[in-house]
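Open the model in your viewer and keep the selection box handy. We will go from stop to stop, and at each one you will hear what to select and what to look for.

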Amino acid sequence: MRASAPGKLIVLGEHSVVYGHRALAAAVSLRTTVTLRPHEGLTVLGESAIRDDRLDAALALALPSRGYRVDIATDLPIGRGMGSSASLSIALLRLRAALEGIEPDFTWLHAEGFALEQIFHGQPSGIDHAVSASEGALVYRRGKKPRSVSMPPSTVVVLDSGTAGNTAELVAGVAARRPAIDPVLDRLGELVERSLPHLDDARALGEAMDEAHAHLAAIGVSTPKLDELVGLARRNGALGAKLSGAGGGGVVLALCPGGGQDTLRAARARGIHAFRCTIPCGGQDAHATEP
Ligand code: MEV
């Protein structure tokens, strides 16, 4: 039995979403796939592309304690702010639903996903696994029902800093800098509100992303490498670029409606792992659980 779920990119509003502001995020075409096979005795982890000491706790919470071997494959870079743990959580829940004969609608997946995401990220806002469960683009406010948003598909280039950020630590770092940085968190939230009515205006969205990156740097979650990748993308055709996710490493998201050839070429010439994808992507039919 096999199930999969997509990763995500936060377009605007990471970190400020933890404090009640809205954020905009979209599912990406890269997915995590979990396969369950019958196995004598305790449920065990088989082959896994995700190596994480919190994995055992997540499997114990999501699956029956006996009877299965669990194999995990993913297209996503791990720990790079692209929702690898959230996609794993949602794929595991789809399997649990299949085992229990439940039809896993969005509300069930989102509610159940919190406990799994807490294992990985402490006190997450819930945006990552909400997007993974929705398979589309969402406007998300903590504690409120997420709203699907119609966002014209955009070509983006993802530039990988090559290091992982620790979401729980980064969120705690931001918390420790409050209340001094609250005005910056407010500005991050305002950028989302200002951008939502004009999601079809790539130039305006790019400008908002540029501004968001400056604010994210001001709250201490960027790194010199992320700043360098943002600059490289902007100098090579991106309409806007910012870190995406918790920061401290992870990826930069560059908006490149023309296809991003120049951005990709410039990144690869410097040995940076960079790839193109379209956001949002997927759709409700993309997540079927296969027998
Ligand atoms: C992580 O992808 C996004 C953060 O805003 C944390 C969260 O919302 O839980 C940094």
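Start with strand β9, residues 251-255, together with β7: the two pair in the antiparallel sense over five bridges. To see one place where they meet, select V157, which stands opposite A254 in β9. Bear in mind on the way round that this is a predicted model.

**The strand in the middle of the first stop**

Keep β7 selected and add β10. These two strands also pair in the antiparallel sense, over six bridges. Pick V158 and you will find its bridge partner in β10, F275.

Now show the side chains of β7. In a regular strand the side chains alternate between the two faces of the sheet. Here S154, V156, V158 and D160 point one way from β7, while T155, V157 and L159 point the other way. Are these residues buried or exposed? Both sets are buried. With seven of its seven residues buried, β7 is largely enclosed by the rest of the structure.

**A helix with two sides**

Next, select helix α9, residues 261-269, and colour T263, L264, A266 and A267, the buried residues of this helix. Turn the view until you look down the axis: the buried residues of α9 fall within an arc of 165°, so they line one face of the helix. Swing round to the other side of α9, where R265 and A269 are exposed.

What covers the buried residues of α9? The cover includes β7 (154-160), which you have just visited, along with α8 (224-235) and β10 (274-279). Before leaving, step just past the end of α9 to G271, which takes a positive phi of about 75°.

**Following β2 from partner to partner**

Move on to strand β2, residues 23-42, and show β1 beside it: nine bridges join the two, which run antiparallel. A good pair to label is S4 and T33, since S4 stands opposite T33 in β2.

Leave β2 on screen and bring in strand β4, residues 66-74. β2 and β4 pair in the antiparallel sense over eight bridges, and P38 stands opposite Y68 in β4. Then add strand β5, residues 137-140, which pairs with β2 in the antiparallel sense over four bridges. For this pairing, select L24 and look for its bridge partner V139 in β5.

**Into the largest pocket**

Rolling a probe the size of a water molecule over the atoms shows where empty space is left. Turn on a surface and look for the largest pocket, with a volume of about 540 Å³. Which residues lie nearest its centre? Select G81, H121, D128, T167 and A246; the lining as a whole has 38 residues.

To see where the lining comes from, colour β1 (2-12), α2 (84-100), α3 (106-121), α4 (127-134) and α5 (167-176), each of which supplies at least two residues of it. Recolour by class and the lining of the largest pocket shows 13 nonpolar, 17 polar and eight charged residues.

**A buried leucine**

Now select L188, in helix α6, residues 182-195. At 1% relative accessibility, L188 counts as buried. Leaving aside neighbours within four places in sequence, L188 is in contact with E14, S16, A212, H215, L216 and I219. You can also draw a distance from L188 to A214: the two are 26 residues apart in sequence and 9.7 Å apart in space, C-alpha to C-alpha.

**Backbone details to finish**

Most residues other than glycine have a negative phi, and most peptide bonds are trans. The last selections are exceptions.

- Select H15 in the loop between β1 and β2. Its phi is near 70°, a positive value in a residue other than glycine, and H15 is buried, with a relative accessible area of 4%.
- Select E135 in the loop between α4 and β5. Phi of E135 is near 65°, again positive in a residue other than glycine, and E135 counts as buried at 2% relative accessibility.
- Select R178 and P179, joined by a cis peptide bond with omega of about 5°. P179 sits in the loop between α5 and α6.
- Select I279 and P280, where the peptide bond is cis and omega is near -15°. P280 belongs to the segment after β10.

Definitions and conventions. Residues are numbered from 1 along each chain as its sequence is written. This is a predicted model: local features need pLDDT of at least 70, side-chain atom pairs count only at pLDDT 80 or more; totals for chains, interfaces and linings use all residues. Side-chain values use heavy atoms; hydrogens and water are left out. Buried means under 20% relative accessible area, exposed over 50%, partly exposed in between (1.4 Å probe, protein chains only). The arc is that of the directions from the helix axis to the C-beta atoms. Contact means heavy atoms within 4.5 Å. On a 1 Å grid over the protein atoms alone, a cavity is a set of points where a 1.4 Å probe fits but cannot get out, and a pocket is an open set with protein on both sides within 12 Å along at least five of seven lines; lining residues have an atom within 4 Å of a point. Grid points are joined across faces, edges and corners, and a volume is the space filled by probe spheres set on the points. Ala, Val, Leu, Ile, Met, Phe, Trp, Tyr, Cys and Pro count as nonpolar, Asp, Glu, Lys and Arg as charged, and the others, Gly among them, as polar. Two strands pair if DSSP finds at least two bridges between them.
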